[in-house]
There are 2 protein chains.
Amino acid sequence: MKKQLQPVDAETLLQEHEFKKTPLRIMLLEVLSLSLSPLPVAKLIRKTKKLAADPATIYRALNAFVEAGIVNALTVDKTKVLYELVQEESHKHHIVCDSCNAVESIPFCVKTIDQQAVKLSRQFNRVHSHQLAFVGTCRKCIRALR
Amino acid sequence: MKKQLQPVDAETLLQEHEFKKTPLRIMLLEVLSLSLSPLPVAKLIRKTKKLAADPATIYRALNAFVEAGIVNALTVDKTKVLYELVQEESHKHHIVCDSCNAVESIPFCVKTIDQQAVKLSRQFNRVHSHQLAFVGTCRKCIRALR
DNA sequence: TGCCAATTGCAAATCATTTGCATTTGTATA
DNA sequence: TATACAAATGCAAATGATTTGCAATTGGCA
């Protein structure tokens, strides 16, 4: 039942998306792939501090990854953005501790989420709120765009 | 079946929460209560421009309302925060157009959301993504806090 | 090896939001 | 109705994360 964490082959991933294999980008993808939960930029900066990369460079890399669909940016609230590698497997949702910021993944997609999913998360016993927003394109815009 | 929009009694609401009944705060609550969808700060500034209130004052009012539980701040993504009056009735979720920013409410709570809910939204025909995060307090923090 | 575009570092710019502080305003009470 | 005090406001300045311009560096390919 326990899922084995397999480090993604960062170099291959970069190559597939026509990115250069730079030390920073490789390390970013490795850190993300080895993390059990989505990470904030601050933590990514710390985890790559060996490379002493400029924050601007890290932001640029993350934005490029999100744009390419390699990485998902999860906005928990105004000031809390977390990055996670997009995994082949299931789309994930998350539960965040508003005290220590611990993040746990809930391996259900919206389709099947219900109170059960929350209960299944054993690390939490109080859920104060949740935020859900779908993003898409409305008909008016689709018409206007063509 | 059509829901009638009833303007909230802003003054009573303010009084109940021990806020002073100032013109700005009254108008903010009225604008929010009359809106069919959550509104960004920019729009709230425009809708209250008669009062020529300082943005700082509007932010302060909104934060106070959120803190008091009168208003809900919905974070769609990093740079898109929408405010809505908390209504007695059902907890709502939303679908946002990433092109024109139109927002539509989905009158289902997570408990019952599934593909059906998305289909029921007639204004949209492409849904690119959705973000869901529960916020709560994990056991570790609850233990630490007492 | 050499070239060119992608990536980076650094500094400066951005921009929404917050904060400090003096002034004004709402409300409770005499 | 007048008085007093905390809440609310306006204004200007600070904040702070993220972005951008630009010159220098680096990775990948001929």
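The exercises below concern a predicted model and each comes with a worked solution. Residues are numbered from 1 along each chain as its sequence is written, while chains are lettered from A and ligands numbered from 1 in the order in which they are written. Local features need pLDDT of at least 70 and side-chain atom pairs count only at pLDDT 80 or more, whereas totals for chains, interfaces and linings use all residues.

**Exercise 1.** Describe the surface near DNA strand D.

Step 1. A residue is near a strand if its C-beta atom, placed from the backbone, lies within 6 Å of it. Around DNA strand D there are 22 residues, and K21(A), A56(A), T22(B), L24(B) and T57(B) come nearest.

Step 2. Assign elements, where helices (H or I, at least four residues) and strands (E, at least two) are DSSP runs numbered from the N terminus. Two or more residues each come from α4 (55–68) of chain A and from α2 (23–34) and α4 (55–68) of chain B.

Step 3. Sort by class: Ala, Val, Leu, Ile, Met, Phe, Trp, Tyr, Cys and Pro are nonpolar, Asp, Glu, Lys and Arg charged, and the others, Gly among them, polar. The surface near DNA strand D has eleven nonpolar, four polar and seven charged residues.

**Exercise 2.** Work out the strand order of the sheet in chain A and place helix α2 on it.

Step 1. Two strands pair if DSSP finds at least two bridges between them. The three strands form an open, antiparallel sheet in the order β1-β3-β2 (chain A).

Step 2. β1 (39–40) and β2 (71–77) of chain A each have a single partner strand, so one side of each is left without a neighbour in the sheet.

Step 3. Six antiparallel bridges join β2(A) to β3 (residues 80–85) of chain A. V71(A) has L85(A) as its bridge partner in β3(A).

Step 4. Helix α2 (residues 23–34) of chain A packs on this sheet and touches β1, β2 and β3 of chain A. Contact means C-beta atoms, placed from the backbone, within 7 Å. The helix direction makes about 95 degrees with that of β3(A); axes are lines fitted to C-alpha atoms, for helices over the stretch in contact, and angles run from 0 to 180 degrees between N-to-C directions.

**Exercise 3.** Decide whether A53(B) is buried or exposed.

Step 1. A53(B) sits in the loop between α3 (41–47) and α4 of chain B.

Step 2. Buried requires 20 or more other C-beta atoms, placed from the backbone, within 10 Å of the residue's own, exposed 12 or fewer, and partly exposed lies in between. A53(B) has 20 C-beta neighbours inside 10 Å and therefore counts as buried.

Step 3. Leaving out residues up to four places away in sequence, A53(B) touches L24(B), T48(B) and I58(B).

How values were computed:
Contact = placed C-beta atoms within 7 Å.
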